[in-house]
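Let's go through a few labels in this structure and ask what backs each one up.

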Amino acid sequence: MRILGIETSCDETAAAVVGRDRRGKPLLCSNVVLSQIDEHSAFGGVVPEIAARAHLAALDKVIELALEEAKTNLKDIDGIGVTSGPGLIGGLMVGLMTAKALSASCGIPYLGINHLEGHALTARLTDGLDYPYLLLLVSGGHTQILCVRGLGNYERWATTIDDAAGEVFDKTAKLLGLPFPGGPNVEKAARKGDPQRFKFPMPLRGQDTLNMSFSGLKTAIRQQAEKLAPLSEQDIADLCASLEKTMGDVLADRCAKAMARFLEEHGSSQTNFLVVAGGVASNTHIRERMSELCEEMQWRLTAPPAILCTDNAAMIGWAALERFEQGEASPLDLSPRARWPLDADAVSVIGSGRKGARV
Ligand code: KG4
Ligand code: ZN
């Protein structure tokens, strides 16, 4: 089976081809990601209207490149997977309409895929992981811990009650005058910084809940920066390193608790896996912190390569492949959804990270 994946939910225009080899092993045949950094950097964040227009201008070419790189063409594609939510509605419409047009004109079935499901299942594409596993999903719009029991069976155990982890990186970068996109530039600055210099708050730590809160961290960084102003390069580096350390400690603290809950449910007789996914999971410090935690708890960490942690279409193609294998397909009147929780039964938390409108 060969699946074409399409992703346009935020500021990356992406297409990829995935499949399985004869023995059923996952295959990544191509992965093309065109970032819109240049279009948005003057505004310090993603501008939804500009994003939608840029997707429209680039998507056909990006799909062509993905097919070319995979040495295939539409005739040999068995299905199309496209992000149909959550995300910026203009971009979602561009991707979804393109997938529908290809589906109708070439007679290929297509499937609208939840972007978060793409992140959640990436480890099955990269590492062939079996269900169930524990997932830390840390992106620009979401910060959640989920128990991934099977395809379409995701139980949200924890969420941020305010800002997403990626939002803290992005807003801190803006505050410190670092270029867009925030996350990678905070990471770069942090390399020369002292992570012990500032002790930032870790809200909800030690409490019964698995939930997280990051808005206080954002405020504490702002207050510290205002106190120190004008900031030296070393101040900026130290603030970034201290942010990374605090974020890593909070995430490790909550994951440790979630791992204990997972063991209560599943026992410790077999190897248990913690998966990290989403853009923030490409951060080296966060990956190292999670790796330490897994060593302590005698779990295995699965962290997909950074390029498959940030937004990409391979993960969308893969989620579609798993669903096609179950005989699913979407109708041509499917609508995109700006909001679409992975666990529809979880209590909604007002104010928890919103994807989109990041300016
Ligand atoms: O998964 P993603 O590409 O898009 C969403 O689904 O939101 O995640 C984007 C987020 C942004 O907030 C970005 O700043 C953050 O991931 N990010 C990072 C790094 N690379 C991307 N955060 C920290 N360190 C990084 N290296
Ligand atoms: Zn994402």
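The expected span of a helix is 1.5 Å times one less than its number of residues. Keep in mind that this is a predicted model.

Q: What makes the span of helix α7 (residues 215-228) close to the expected one?
A: Helix α7 has 14 residues and reaches 20 Å from its first C-alpha to its last. The expectation at 1.5 Å a residue is 20 Å, so the two agree.

Q: Why are the buried residues of α7 said to be on the same side?
A: The residues in question are Leu-217, Ala-220, Ile-221, Gln-224 and Ala-225. They sit on the same side of α7 because they cover an arc of only 135° around the axis. As a rule, an α-helix has 3.6 residues a turn, so residues three or four places apart point the same way.

Q: What do the buried residues of α7 pack against?
A: They pack against α5 (165-175) and α8 (233-266).

Q: Which residues of α5 are buried, and what covers them?
A: Ala-165, Gly-166, Glu-167, Val-168, Phe-169, Thr-172 and Ala-173 are the buried ones in α5. Their cover includes β6 (133-138), β7 (143-150), α6 (182-190), α7 and α8. After α5 comes Gly-177, with a positive phi near 75°.

Q: Why does Lys-75 get its accessibility label, buried or exposed?
A: Exposed means over 50% relative accessible area. Lys-75 has 75% relative accessibility, so Lys-75 counts as exposed. You'll find Lys-75 in the loop between α2 and β4 (79-85). The C-alpha atoms of Lys-75 and Cys-106 are 7.6 Å apart, with their places 31 residues apart along the chain.

Q: And why does His-40 get its label, buried or exposed?
A: Buried means under 20%. His-40 comes out at 0% relative accessibility, so His-40 counts as buried. His-40 belongs to helix α1 (residues 37-40). Leaving out residues up to four places away in sequence, His-40 touches Asp-11, Gly-45, Val-46, Val-47, Ile-50, Ala-51 and Phe-180.

Q: How do you know how α2 and α3 lie against each other, and which residues meet?
A: The axes of helix α2 (residues 48-69) and helix α3 (residues 89-106) come within 8 Å and cross at roughly 35°. The crossing is right-handed. On the α2 side, the contact uses Ala-52, His-55, Leu-56, Leu-59, Asp-60 and Ile-63. These meet Gly-90, Gly-91, Val-94, Gly-95, Thr-98 and Leu-102 in α3. By class, that contact has six nonpolar, five polar and one charged residues.

Terms used
Residues numbered from 1 in each chain as written. Chains lettered and ligands numbered in written order. Predicted model: local features only at pLDDT ≥ 70, side-chain atom pairs only at ≥ 80, totals over all residues. Heavy atoms only, no water. Axes fitted to C-alpha atoms, helices over the stretch in contact; angles between N-to-C directions. Helix = DSSP H or I, 4+ residues; strand = E, 2+ residues; numbered from the N terminus. Left-handed = near helix turned anticlockwise from the far one by under 90°. Contact = heavy atoms within 4.5 Å. Nonpolar A, V, L, I, M, F, W, Y, C, P; charged D, E, K, R; others polar. Buried < 20%, exposed > 50% of the residue type's maximum accessible area, 1.4 Å probe, protein only. Arc of directions from axis to C-beta.
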